[in-house]
Amino acid sequence: MDPVILSRLQFALATFFHFIYVPLTLGLAPFIAIMETRYVRTGDEMYKRQAQFWGRIFLINFALGVATGLTLEFQFGTNWAHYSQYVGDIFGSLLAIEATAAFFLESTFVAVWAFGWDRVPKKIHLLAIWLVAAASLLSALWILLANGFMQHPVGYAHGEGGRLVLDNFKEVVTNTYGWHMYFHTVFSSLLLAGFLVMGVSAWRLFRADNPGFFHASFKLGATFAFIFSLATIVAGHQLGQVTAKHQPAKLAAMESQWETKDGAPLNLLVIPAFGDDEENFYEGLPIPGLASFLATGDSQATVKGLKAFPAQDRPPVWPVFLSFRVMGALGFIFVGASFLAMLLRGLAPDLRWLLLGFVALIPLPYLAIQLGWLVTELGRQPWVVYNLMRTSLAGSAGVDWFQVAGSLAVMAVIYTVLTLAGLFFMGKCALSDPKTAPAGH
Amino acid sequence: MEAYLGDIWFFLWGLLWGIYFALGGYDFGLGLLLPVLGLGSEKERNTMHLAAAPFWDGNQVWLITAGGVTFAAFPLAYAVMFSSLYTALLLLLLMLIIRSVAAELRPQSLWSVWRKSWDCLGAGAAFLAALLLGVAFSNIFRGLPLDADHVFQGCAILGLTSNTLSLLHPYCLLGGLLFVVMFAVHGALYLSWRVGGDLSAKSLLTARVLWPVFLILFLLYVVLTFAWAGLWVNYAASPLLLILPLACALAFLAGGCQLYRAADKAKAAFICHGLGIITLTLTGVMGIYPNLLPSRLSPAGALTIANASSSPKTLAIMLGVAVVFVPLVILYQWWAHRRLSQRLSAEYE
């Protein structure tokens, strides 16, 4: 058995679980900060309880994010030694800067916020949650710039010993690919938090449980969901254009387009190729020129098909295509649902059965975000660093398959238990009485 | 300046690990002592838990930073160390995950039997993590079996080569044991400072009982590290470096004096002990200079500042970041510690 395949599975598992928690951390912190700002401004205790109620969910989620995040840093060294050695000069420094400049700030002030309700002045406490929100956004930026380097390596030179060395730091931190991923990721995280808040509030409103309290959170949740579902689509569209420019093979796999075409149509209905076929099984309902237009802004532009790339340089088509389609469809569902919520938000407590629809929507942003990462990471294959290093050559030479199999099995069990426990406790918080919600622990 | 960048990062690398051991160390110590000191009383265990709860995460970021700096400043050393010690490091990772989950999910658990299970699990994880860290660093001081191509040559047992088992040399186990006892004393001192009443007295007594054991292990370990593992060579070459082991001995001695002098000196003893841990780490790290991972098989197999470090450009940029942010981090963590570390009474629930 090839240890690299197992290492890929292990990394996928670790990032999948880690990224269950990260988006809610990113998205919920500003939400709590806004609620607490209202409290400090108006002195209305209801807003304080809002911050505390959503803060408890935030804290459990944050803790699980921390616990699962450590694994990622370890794995670059344990399972991807060749990769680490190859890109450490650039990739490693971005991770180190993330820890020093952002994560310290986040973890220190999370504690100040959670334990400081009675110990620091009101305004300092408010500052703490804004610092947490800012630090988590900053943290995401460094991580996505590191990932951006894998997608679209810039600012490097070939150094001695066949490794990459830093040539131009400014190019690395202004990497267009990284920044576009950043906006798409952050907006979708805020969207996710909006839908989670809306869903939980909708359930409590449905049960006519603290209606005043949950109507207020529903309204802010709906605003988040609406603004950021639009922003996510815009940022996603721009990311698509950057992908068309820098990773044409990924774009071709996303659309499952085999032939290079001028004025490429977008086929609404596609069944990709099976086996070794180099054409789609079925294509139907084409909208002329739309694929070219979306990719470049020009409906007559040339869009490369998969056949333009040697077979060993193509990403797997089926999973990339399918993930992209479902994610895209979900994106439009989010816009529609949050638009409806915005229209009806004044009447929310009286919506009755419609409220259950918003409860049902809670898992969908999670699904969409995971699918988005599948597109990004699988679409980059067979490269770990695009056009520079193949994933198959990135592993650790001295690590045997049974070591990875063992750690993979242990990780799968632990992470599953962890997530079930996390869901249980977060669910408990979501159903707890907001009047008695204690601060932090 | 450029010529010294590698050296500066080598020192910072040691310093970051030292700070992690001093801060994460009391957390491990508290975890270890949790079921022992709080055996009879759930309230006391809650208090012990609460004493570390606001800080453990901030402390753990020092580990993430130390690991990140190893990756960024010495990528080859990071790659060889983490992949050669695959099983040991993933075991450490697992223990750290259990520690953090035990710390965070424990207070959410309603039933006392659940909380007791979390405490025991957390204690076991703290023990194993402290042991693994001690064993790992002692192996580095001793020199890893790296051949000329930096490939780890594990020992053959029953036809299988195992890298993990080759780590378990008696000297390295002694190092592991030293870490466990050192962290236990450190945790007891911290607790004695942070809480009041019976629990404070109990933890002070624990520290007083453990301290002689710590002293014996410490002396034995330092002598072996210098004489047997050969770290004296660097100190003989540049005697000025002896400031480090001297400061370390002084710090631990001062800590010991405070510890036995009066009950209200726990805070001072804790701080001295923390400085002792940092200087002990630096003593070891400067003893292997310029190697990050010395090799006991072939000098060419060692990973050194010269063959493992990143480009001067990366080192310079990271140094800029570190010079600005690390003092800032120390400043706000110190502020947060002051703000959130009021004395806890044992009756706290």
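Is A:T15 buried, partly exposed or exposed, going by the other C-beta atoms within 10 Å? Some notes on that and on the rest of the model follow.

1. A:T15 comes out as partly exposed, because 19 other C-beta atoms lie within 10 Å, and a residue needs 20 or more to count as buried. You'll find A:T15 in helix α1 of chain A, which covers residues 3–42. If you're looking at A:T15 together with A:L239, the two are 224 residues apart in sequence and 21 Å apart in space, C-alpha to C-alpha.

2. Before going further, keep in mind that this is a predicted model. For the complex, the predictor gives an ipTM of 0.89 and a pTM of 0.92. The average pLDDT of chain B is 88, and 97% of its residues score at least 70.

3. On to the overall build of chain A. There are 13 helices and eight strands in chain A, and its C-alpha atoms fill a box of roughly 65 × 50 × 40 Å along the principal axes. The radius of gyration is 23 Å; a compact globule with 441 residues would have one near 22 Å, so the two agree.

4. How much of chain A is buried? Of its 441 residues, 53% count as buried. As for how the chain meets itself, take the contacts between residues at least 6 apart in sequence: 77% of these join residues at least 24 apart.

5. Helix α2 of chain A (residues 45–79) is worth a look. It has 35 residues, which at 1.5 Å a residue should span 51 Å, and the end C-alpha atoms are 50 Å apart, so the span agrees. There's a kink in α2(A) all the same, of about 30 degrees, centred on A:G55. The helix is also largely enclosed by the rest of the structure, because 30 of its 35 residues are buried.

6. Now the contact between the chains. Chain A puts in 49 residues and chain B puts in 53. On the chain A side, α2, α3 (81–115), β2 (164–166) and α13 (401–430) each supply at least two residues. The largest share there comes from α3(A), with 20 residues. Sorted by class, the side of chain A that touches chain B has 28 nonpolar, 18 polar and three charged residues.

7. One thread to follow on screen is α2(A), which turns up twice above: this helix carries the kink centred on A:G55, and α2 is also among the elements of chain A that supply at least two residues to the side touching chain B.

Methods:
Residues are numbered from 1 along each chain as its sequence is written. Chains are lettered from A and ligands numbered from 1 in the order in which they are written. This is a predicted model: local features need pLDDT of at least 70, side-chain atom pairs count only at pLDDT 80 or more; totals for chains, interfaces and linings use all residues. Helices (H or I, at least four residues) and strands (E, at least two) are DSSP runs, numbered from the N terminus. The expected span of a helix is 1.5 Å times one less than its number of residues. The bend at a residue is the angle between axes fitted to the seven residues ending there and the seven starting there. A residue is buried if 20 or more other C-beta atoms lie within 10 Å of its own, exposed if 12 or fewer, and partly exposed in between; C-beta atoms are placed from the backbone. Two residues are in contact if their C-beta atoms, placed from the backbone, lie within 7 Å. Ala, Val, Leu, Ile, Met, Phe, Trp, Tyr, Cys and Pro count as nonpolar, Asp, Glu, Lys and Arg as charged, and the others, Gly among them, as polar. The radius of gyration is taken over C-alpha atoms; the globule rule is 2.2 Å times the number of residues to the power 0.38. pLDDT is the predictor's confidence in each residue, from 0 to 100.
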